[in-house]
Amino acid sequence: SMLNVNGISSSMHSVASIVLGTLGAVSKIDIQGCNLAETLKISATPAVQGSTFVYFPTADDFEVSGAGGLRVGLFGTRRSGLTLSNGLNSNITSPATSYAFISGPTAGFSVGGLTGGADGRRLTLVCGVGQQMTIVNSDASSSAGNKITTLTGANVVCRATNGIAELIYDATSSAWYLLRAL
């Protein structure tokens, strides 16, 4: 079995744990030749109290595969800022986190589409500007694969104070789906 973290490789032979030291941000974890009949546990001790133990920003950053074909995608719940503008915001570059706090608009604004979709990826948008946020259903200005489907067939208006939109990406339909809006 082989463990590779950020290009640093180490053989694993019935080892209870491998100490890799302080690596900073881990961009890739690759485990090969594991017996999936046994329990595989990946954990880390945070350098700063309250930080995320193990964080995978996209589903492609964590994969366990073998005879069972198990694949797990995880997204850490970390906050990031997302600056938008008044009016329609199409093809927004989505943050690497699963929780984005919106700033910028000084009047009503709308979200038409987001980049960075990966199957099962969830993204929560929180309006922190006290302006009305509208989620646009199938925005014509957004590229295919970035559009949002609201399931009502119409635009959905979130409340002005602390409005929230929860989205999930479906790779089969190449679209974000609005799960909940407040």
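Student: Over how many bridges do β6 and β8 pair in the parallel sense?
Tutor: A word on the source: this is a predicted model in which local features need pLDDT of at least 70, side-chain atom pairs count only at pLDDT 80 or more, and totals for chains, interfaces and linings use all residues. Residues are numbered from 1 along each chain as its sequence is written, and side-chain values use heavy atoms, with hydrogens and water left out. Two strands pair if DSSP finds at least two bridges between them. For β6 and β8, which pair in the parallel sense, the number of bridges is four.

Student: How many strands are there in the protein chain?
Tutor: Helices (H or I, at least four residues) and strands (E, at least two) are DSSP runs, numbered from the N terminus. The protein chain has zero helices, and its elements, read from the N terminus on, are β-β-β-β-β-β-β-β-β-β-β-β-β. The strand count is 13.

Student: Which are the edge strands of the six-stranded open sheet?
Tutor: The sheet has mixed pairing and runs in the order β4-β6-β8-β12-β13-β10. An edge strand pairs on one side only. That description fits β4 (79-83) and β10.

Student: Which residue in β8 is the bridge partner of Ala100?
Tutor: Let's go along the bridges of β6. Towards β4, the pairing is parallel over five bridges, and Gly81 stands opposite Phe101. Towards β8, Tyr99 has Thr124 as its bridge partner, while the partner of Ala100 is Leu125.

Student: Which side chains along β6 point to one face and are buried?
Tutor: Buried means under 20% relative accessible area, exposed over 50% and partly exposed in between (1.4 Å probe, protein chains only). The side chains alternate along β6, with Tyr99, Phe101 and Ser103 pointing to the other face and not buried. The buried ones are Ala100 and Ile102.

Student: Which residues touch the most other members of the largest nonpolar core?
Tutor: A nonpolar core is a set of buried Ala, Val, Leu, Ile, Met, Phe, Trp, Tyr and Cys residues joined through side-chain atoms within 4.5 Å. In soluble globular proteins, nonpolar side chains tend to be buried together. Here the largest such core has 21 residues, and those touching the most other members are Val111, Leu114, Leu125, Met133, Ile135 and Ile148.

Student: Leaving aside neighbours within four places in sequence, which residues is Ile135 in contact with?
Tutor: Contact means heavy atoms within 4.5 Å. Ile135 is one of the core residues that touch the most other members. Beyond four places in sequence, its contacts are Val111, Ile148, Thr150, Asn155, Val156, Cys158, Ala165 and Leu178.

Student: Which side chain of opposite charge is nearest to Asp139, and how far away is it?
Tutor: Asp139 lies in the loop between β9 and β10 (148-149). Lys and Arg count as positive and Asp and Glu as negative, while His and the chain ends are not counted. A salt bridge needs a side-chain nitrogen of Lys or Arg within 4 Å of a carboxyl oxygen of Asp or Glu. Asp139 is buried yet has no salt bridge, and the nearest candidate is Lys147, at 7.2 Å.

Student: Which side chain makes a polar contact with that of Asp139?
Tutor: A polar contact is a pair of N or O atoms within 3.5 Å; within protein, one must be able to donate a hydrogen and the other to accept it, and residues adjacent in sequence count only if both atoms are side-chain atoms. Leaving out residues up to four places away, Asp139 touches Leu88, Ser90, Gly112, Gly113 and Lys147. The 2.6 Å polar contact joins its side chain to that of Ser90.

Student: How far apart are the closest N and O atoms of the salt bridge between Arg180 and Glu166?
Tutor: The structure holds one salt bridge. It links Arg180 in strand β13 with Glu166 in strand β12, 14 residues apart. Arg180 is partly exposed at 39% relative accessible area, and Glu166 is partly exposed at 22%. The closest N and O atoms of this pair are separated by 2.4 Å.

Student: What is the phi of Asn91 near?
Tutor: Most residues other than glycine have a negative phi, and most peptide bonds are trans. Asn91 sits in the loop between β5 (87-89) and β6, and it counts as partly exposed because its relative accessibility is 26%. Its phi is positive, near 50°.
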